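Here are my notes on this one, point by point. Have the structure open while you read.

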Amino acid sequence: KAANSGSRLLCLPVKRSCITSPSGFPTMVAKTVAVLAGDGIGPEVMSEAMKVLKKIAELYGHDFTFDEANIGGAAWAAA
């Protein structure tokens, strides 16, 4: 499947996903991700999600920076 997102094309072939520029060359993604663990999606879920993003970064050359903070019940428990 492919979805047009402005000047980039996000494609998900069978073996690996890629983000390509209009010229067709892979583009590295660098993003800061807010990790807000709290009610409903607690720290145990967020830690697993971060593992997934770290593996994606490793496999496809992306750079994710994680900015962690607690919200809801997790924030009360940490105080």
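1. A word on terms before the layout: helices and strands here are DSSP runs, at least four residues for a helix (H or I) and at least two for a strand (E), numbered from the N terminus. With that in hand, the protein chain reads β-β-β-β-α-β-α from its N terminus, which gives two helices and five strands. Keep in mind that we are looking at a predicted model.

2. Some overall numbers for the protein chain. Of its 79 residues, 18% count as buried. The accessible surface is about 5900 Å², and carbon and sulfur atoms hold 62% of that. Among contacts with a separation of 6 or more, 48% link residues 24 or more positions apart.

3. The part I'd look at early is the pairing of β4 and β5. Strand β4 covers residues 30-37 and strand β5 covers residues 63-70, and the two run parallel over eight bridges. If you want a landmark, V33 sits opposite F66 of β5. To get from β4 to β5 the chain passes through helix α1 (residues 43-60), and the resulting β-α-β crossover is right-handed.

4. Which residues does D67 touch, leaving aside those up to four places away in sequence? They are T32, V33, A34 and V35. D67 itself belongs to strand β5. Its C-alpha atom is 5.8 Å from that of V35, although the two residues are 32 apart along the chain. Is D67 buried, exposed or partly exposed? Its relative accessibility is 49%, so D67 counts as partly exposed.

5. Now the charged side chains. Side chains of opposite charge can pair when their charged atoms come close. How many salt bridges does the model have? The count is two.

6. One of them joins E48 to K51, with 3.1 Å between the closest N and O atoms. Both residues are in helix α1, three residues apart, or about one turn of the helix. E48 has 42% relative accessibility and therefore counts as partly exposed.

7. K55 and E58 make a salt bridge too, with the closest N and O atoms 3.4 Å apart. The spacing is again three residues, about one turn, and both K55 and E58 lie in helix α1. How open are the two partners? K55 has a relative accessible area of 41%, so K55 is partly exposed. E58 comes to 57% and is exposed, because exposed means over 50%.

How values were computed: Residues are numbered from 1 along each chain as its sequence is written. This is a predicted model: local features need pLDDT of at least 70, side-chain atom pairs count only at pLDDT 80 or more; totals for chains, interfaces and linings use all residues. Side-chain values use heavy atoms; hydrogens and water are left out. Two strands pair if DSSP finds at least two bridges between them. A crossover is right-handed if, with the strands pointing away from the viewer, the path from the first strand over the helix to the second runs clockwise. A salt bridge is a side-chain nitrogen of Lys or Arg within 4 Å of a carboxyl oxygen of Asp or Glu. Buried means under 20% relative accessible area, exposed over 50%, partly exposed in between (1.4 Å probe, protein chains only). Contact means heavy atoms within 4.5 Å. Accessible areas come from the Shrake-Rupley method with a 1.4 Å probe; for residues, only the protein chains shown count as cover.
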